[in-house]
Amino acid sequence: MSSPAEITALLRQWSGGDQEARERVMSSLYDELRLLAASYLRRESGDITLQRTDLVHELFLRITQQSPIDWNSRSHFFSIAARLMRQILVEHARAGNRQKRGGGAAKEPLSGLVENCAADVPLDPAEVLEVDRALARLEAIDPQRSHLVELRYYGGFSIPETAQILGSSPATVKRDWNVARLFLLRELKGDAGAAGEME
Amino acid sequence: MIPPLSKDALDIVSIILTHPRESRPDLVLQLCAGRDDVKRQVEELLAYEEQTGGFLERDSLPPDSARIGTRAGAWELESVIGAGGMGVVYRARRADGQYEMTAAVKLVSQSMGVPGFLQRFLSERQIMAALSHPNIARLLDGGVTGDGIPYLAMEYIEGLPIHEHCRANKLSLVERAGLFRQLCDGVHYAHQHLVIHRDIKPANVLVDSSGKPKLLDFGVAKVLESGGRSTAPTALHAMTLNYASPEQVAGKPLTTASDVYSLGLLLHELLADRRAIDVSGLAPGEAVRVISETPPVISASLPPDLQAVIEKALAKDASLRYSGPRELSDDLQRYLDGLPVSARPPSFTYLFSRFVARHRIPVAAIAAGFLLAFSGAGAALWQWKKAEANRGVAQRRFDELRGLARSVLFEFQNGLRNLAGSLEVRKTMARRSVEYLDSLSREVAGDPGLAIESAKGYHRLGQIQGDLGERSESEESFAKSRLLLEGVLSSDAANGEARWELSEVLTTHALRFNTREGALSLLTAAQQHWTQLDGKGTLPAHRIKHGRVRTQFAYSLRQLGAARIEEFQKTLEQYRSLLASAPNDTEMIRNVALCHKYLAGAYGKSYPERSEFHTREALALDRRRAAASPGDAIALRDLAIDLVQAAEHAGRRGAVREEEAFFDEALSLRRAFHEKEPKSLDARRDLVSVLMRQGIFFKRTGRMGEARKTWLEALRHGESIGAEIKNKSDLHNRAVIRAGLASLPKNAP
């Protein structure tokens, strides 16, 4: 894990167009976010509700407490964090599925993350994986709306926050969010229908 | 796998969603004309609209209204009145039957229930509990609800946000300013308690039924850390970009100056009914650029003085703003009283001297400001040469820049002199202004005035380089100065100004670097120029005489041993005769006193009586000078130095009472300085030095308790000088004080 100062420096470089910095900041933050999530789960005793947003904000606070971050980098940071939350949730949904099928995967520090998230919102591993797949299809034709979904759904950001991150207005974000939801709903229901699982 | 959709379909749906249902079918036909596949996709997507509901939604959870009717400590929640960055606010009623009361109860919303937020919430509780001011919403109570959610009960204020209140009641400008000033009082009070608000905006200021503005929500406030700065980050959602300061969007630490900025925005909104900086609807990157770069759009309908006040509060550079809400408020009052406001005129000289005096800002910033000031120089020169037709304007601009270079060289230099760490900047400034004057004098050849100014510039530059220990550069600058002056004299031997300046440079050069012999030869040359000036009538005789004596003074300093005393006595006599011709010339009084002090030092311990005699003479002169020009900081400083010297002489003679009286007087002068200029490093150093000596006096006379108290105070002031700007004498004094403290008997009272 790089130090917060290194991360902010990398974020700045990335803001300046350095793609390699992006890769490095992604991997650094990924490790950090996993550790953070794991430590939350260890001290979780059920009375504090864990939400994805809090993890992302907590990560942000950790980084900025030691090294201030400018606005551009801040937006970049939240975009990355949302993307990472998506990866982490998907991985654990997969791991959860393997375990359910008796795969006996090695004990993961994050096991239970998805279940804990489910405490604040109906979020089960199956949904995580389905949304992920549907989102990949949206990404193929409309990367901007897909990014928006990442921020809203995985990052847990509100409409105004998402608007700030994307440099857009709340009204536009709300509209695009609704369009994206229609798309995803159609993918999910349609898929399920096609697979014959709908009643 | 279902058939894939096209991006076009999504974009069309996006447009259609903004229209009422009944008009949609027509719109679909219109937008998808001739593209049946897209039309089919659009219709298919729209068909899902009924089913979206809360699909993937997270915002609606948990409903805040679910808590209505429940209790938070003694409070029963009645209705939701708002939601902020930290939590949801309810109107609540005291429900324990003790008494009737309504409060605003703020609960940390569940989504914030992570440890980081809890900590901040608790710190908010502590901060607010310590604040009690009529213009700040009071904290009544705080605790944790039955289900473990922390809450705060605050004074419930029935009223409108300040801007709406002003609008609704059609308040006059004077009334609005009055409300605003009360608000400033509250913020000032909070600052004194080391709390910055960070989120001052109209919505956070309610005007209660008695017409008193109350500042709400120290939600993101944080106790200022020592050093006057806070480094807590501001989370994304806790920030209102429309009222954010440049330093806030840059992610820099916030200070009380950030609140001054927000107050400036609020003032403008109150007086002009619109924001001076409006970033609504802008993309964050764009908003940040506007906030950090674009000048505020201050309403031209406001009186110019008020515009100046707001502009000053909204300076991008925090160090150029009012130093606090009180200063902003006072300036506003000056406007209301018909007095000139301090914010005007915002001329370069004014701003510069002001900011140098008030802020110990990073030297790089000074340099940047300075270099900026010269950016127009080249253009001015060109104009001067080309614009024959418009000579008047060009000449004026040219003179302006020349004047600027001069004031940078001399006035600002003096302003900066006492600023810690400013030497490098002063050097850059001097060099740039000299280069500038130099190029001017080359372009506008045959202007002896410019050449002399450049020479003076090099003279000054050489002194600064000398202070920095750059000996050869310094000598070079003195040489350049001489060269320029000799050039002027070669074509005009009667130029008194040039000759006078030449003698001065020679004298300074002699004082600075040469061996004693080298110095004496320079001084001899200087004396020769003085002789040539005598009786020529080109300069006032008094000035020439003064210069001569200065050279003599330098000569005295260069002498060693017994000869030194003799030389100083000679100088003293000369100064005295100068003084006789101008008895009220405080500068002359000072010079005579200085001679006395040098003599006192030269006699030193070998001839203590003579030394004391000269100390007393100097003291009497400096007293006279201080009385003649009350408030002259240098005079008072000199006086304090004399008093300490006099105290030590009294101590040597065992005149304890006299000694104590001298120390007391010196100390009261030093204290007065320190209080007047709390930011001045010199004032603090002087105070430490007197306290240190007084402590020694106390210890010597057996007053151990007083010695301890005095030294502890000295140490406190000494420690407050930042580690990075401590110099050798600071460290020395600290060591002496610590050693002194350690030497005191353990059980001293």
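A residue counts as buried if 20 or more other C-beta atoms lie within 10 Å of its own, as exposed if 12 or fewer do, and as partly exposed in between. On that count, 40% of the 749 residues of chain B are buried. The structure described here is a predicted model.

**The two chains**

Chain A is made of nine helices and has zero strands. Along its sequence the pattern therefore reads α-α-α-α-α-α-α-α-α. Of its 199 residues, 42% are buried. Chain B has 30 helices and 11 strands.

Contacts can also be sorted by how far apart the partners lie in sequence. Among the contacts in chain A with a separation of 6 or more, 64% join residues 24 or more positions apart. For chain B, the corresponding share is 58%.

**A buried residue in chain A**

A:Val25 belongs to helix α2 (residues 19-43) of chain A. With 25 other C-beta atoms within 10 Å, A:Val25 is buried, because the cut-off is 20 or more. Leaving aside residues up to four places away in sequence, A:Val25 touches A:Ile7, A:Leu10, A:Leu11, A:Trp14 and A:Ile80. A:Ile80 is 55 residues from A:Val25 in sequence, yet their C-alpha atoms are 8.5 Å apart in space.

**Strands of chain B**

An open sheet in chain B has three strands in the order β7-β9-β10, with antiparallel pairing. The edges are held by β7 (160-161) and β10 (213-215) of chain B; each has a single partner strand, so one side of each is left without a neighbour in the sheet. β7(B) pairs with strand β9 (residues 205-207) of chain B in the antiparallel sense, over two bridges. In this pairing B:Leu160 stands opposite B:Val207 in β9(B). Helix α7 (residues 173-192) of chain B packs on the sheet and touches β9 and β10 of chain B. The direction of α7 makes about 30 degrees with that of β10(B).

Another pairing in chain B joins strand β5 (residues 139-144) to β6(B), in the antiparallel sense and over five bridges. Here B:Leu139 stands opposite B:Met154 in β6(B). Strand β6 (residues 150-155) of chain B is mostly covered, with five of its six residues buried. In a regular strand, side chains alternate between the two faces of the sheet.

**Two packed helices in chain B**

Two packed helices are described by the angle between their axes and the distance between the axes. Helix α26 (residues 633-652) and helix α28 (residues 681-700), both of chain B, pack at an angle of about 15 degrees, with their axes 12 Å apart. Angles under 35 degrees count as roughly parallel, so α26(B) is roughly parallel to α28(B). The crossing of α26(B) past α28(B) is left-handed.

On the α26(B) side the contact is made by B:Arg637, B:Ala640, B:Val644 and B:Gly651. From α28(B) come B:Asp686, B:Val690, B:Arg693 and B:Phe697. Sorted by class, the contact of α26(B) with α28(B) has four nonpolar, one polar and three charged residues.

**Single residues of chain B**

B:Glu713 is found in helix α29 (residues 704-719) of chain B. The C-alpha atoms of B:Glu713 and B:Leu687 are separated by 9.7 Å, and the two residues are 26 residues apart along the chain.

Two loop residues of chain B are also worth listing. B:Lys170 lies in the loop between α6 (162-168) and α7 of chain B. Its phi is positive, about 45 degrees, although B:Lys170 is not a glycine. B:Asp273 lies in the loop between α9 (256-272) and α10 (284-293) of chain B. This residue is not a glycine either, and B:Asp273 has a positive phi of about 60 degrees.

The table gives the surroundings of these residues.

| Residue | Other C-beta atoms within 10 Å | Class |
|---|---|---|
| B:Glu713 | 16 C-beta atoms | partly exposed |
| B:Lys170 | 7 C-beta atoms | exposed |
| B:Asp273 | 13 C-beta atoms | partly exposed |

B:Lys170 is exposed because its 7 neighbours fall within the limit of 12 or fewer. B:Asp273, with 13, falls in the range between 12 and 20 and is therefore partly exposed.

Technical notes: Residues numbered from 1 in each chain as written. Chains lettered and ligands numbered in written order. Predicted model: local features only at pLDDT ≥ 70, side-chain atom pairs only at ≥ 80, totals over all residues. Axes fitted to C-alpha atoms, helices over the stretch in contact; angles between N-to-C directions. Helix = DSSP H or I, 4+ residues; strand = E, 2+ residues; numbered from the N terminus. Parallel < 35°, antiparallel > 145°, perpendicular 65-115°, else oblique. Left-handed = near helix turned anticlockwise from the far one by under 90°. Contact = placed C-beta atoms within 7 Å. Nonpolar A, V, L, I, M, F, W, Y, C, P; charged D, E, K, R; others polar. Pairing = 2+ DSSP bridges.
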